[in-house]
Amino acid sequence: MNSIEIYTDGACKGNPGPGGWGALLKSADAQRELFGGERGTTNNRMEMMAVIEALAALKRPCKVTLHVDSQYVLKGMTEWLPGWKARGWKTAAKAPVKNVDLWQRLDALVNSGTHQIAWRWVRGHNGDPGNERADELANRGVAMALRQA
């Protein structure tokens, strides 16, 4: 099973507003950069899209170390998800889970059994080269979204 390091980030100019996501995928012998954006979105949705797109880009089972600077994504996947699912995608306060469409996509990718994923939190904008590159890619996604008519 190949080992891969993935760094992801999301960006939004206004919240909601135009946003972008970026992902840096690094293995021992290759590196790949992904980015995209949407005209009307939120920062949390872009953080989630970065992870979704990075995992979807993997063509075979991998041992993944996934670096995120989003506590929302990290806690959602490592703490909150089982409760949401048990309650029919409701929060503890019985409110609908926000971004449920993306949480369900992410849940399917992560819990398919295809990859072994270790989640790592990294402080954003703190000099980590992988996180800084993911941030640059996310901002390219914002610029791309702004160019779309």
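Helices and strands are DSSP runs, numbered from the N terminus. The legends below describe close-up views of a predicted model.

**Figure 1. The largest pocket and the strands that line it.** Strand 1 (2–12), strand 2 (17–26) and strand 3 (31–41) each contribute at least two residues to the lining of this pocket. The greatest contribution to the lining comes from strand 1, with three residues. The space within the largest pocket amounts to about 300 Å³. Its lining comprises 16 residues, of which Asn2, Ile4, Ser27, Leu58 and Arg60 are the closest to the centre. Sorted by class, the lining contains seven nonpolar, five charged and four polar residues.

**Figure 2. Packing of helix 2 against helix 3.** Helix 2 spans residues 71–86 and helix 3 spans residues 100–110; the two pack at an angle of about 95°, and their axes lie 11 Å apart. Because angles of 65 to 115 degrees count as roughly perpendicular, helix 2 is described as roughly perpendicular to helix 3. On the side of helix 2, the contact is formed by Tyr72, Val73, Gly76, Met77, Leu81, Trp84 and Lys85. Helix 3 meets these residues through Trp103, Leu106, Asp107 and Val110. Eight of the residues in this contact are nonpolar, one is polar and two are charged.

**Figure 3. An aromatic cluster.** Tyr72, Trp80, Trp84 and Trp103 together form one aromatic cluster. The structure as a whole holds four aromatic pairs. Among the members of the cluster, Tyr72 and Trp84 of helix 2 and Trp103 of helix 3 also take part in the contact of these two helices.

**Figure 4. Surroundings of Ile117 in strand 5.** Strand 5 covers residues 116–121 and includes Ile117. Apart from its neighbours within four places in sequence, Ile117 is in contact with Leu55, Val64, Leu66 and Val110. Of these partners, Val110 also belongs to the contact of helix 3 with helix 2. Ile117 and Lys59 are 58 residues apart along the chain, and a distance of 15 Å separates their C-alpha atoms.

**Figure 5. Arg45 in helix 1 and its contacts.** Helix 1 is formed by residues 43–56, and Arg45 is found within it. When neighbours within four places in sequence are set aside, Arg45 is in contact with Asn99, Asp101 and Leu102. Between Arg45 and Glu5, which are 40 residues apart in sequence, the C-alpha to C-alpha distance is 21 Å.

**Figure 6. Backbone geometry at Pro16 and Trp89.** Most residues other than glycine have a negative phi, and most peptide bonds are trans. The peptide bond joining Asn15 and Pro16 is cis, with omega about 15°. Pro16 is placed in the loop between strand 1 and strand 2. Trp89, a residue other than glycine, has a positive phi, near 65°. The loop between helix 2 and helix 3 is where Trp89 is found.

Methods:
Residues numbered from 1 in each chain as written. Predicted model: local features only at pLDDT ≥ 70, side-chain atom pairs only at ≥ 80, totals over all residues. Heavy atoms only, no water. 1 Å grid on protein atoms, 1.4 Å probe; cavity = no way out; pocket = protein on both sides within 12 Å on 5 of 7 lines; lining within 4 Å. Points joined across faces, edges and corners; volume = space filled by probe spheres on them. Helix = DSSP H or I, 4+ residues; strand = E, 2+ residues; numbered from the N terminus. Nonpolar A, V, L, I, M, F, W, Y, C, P; charged D, E, K, R; others polar. Phe/Tyr/Trp six-rings, centres within 6.5 Å; stacked < 30°, edge-to-face > 60°. Axes fitted to C-alpha atoms, helices over the stretch in contact; angles between N-to-C directions. Parallel < 35°, antiparallel > 145°, perpendicular 65-115°, else oblique. Contact = heavy atoms within 4.5 Å.
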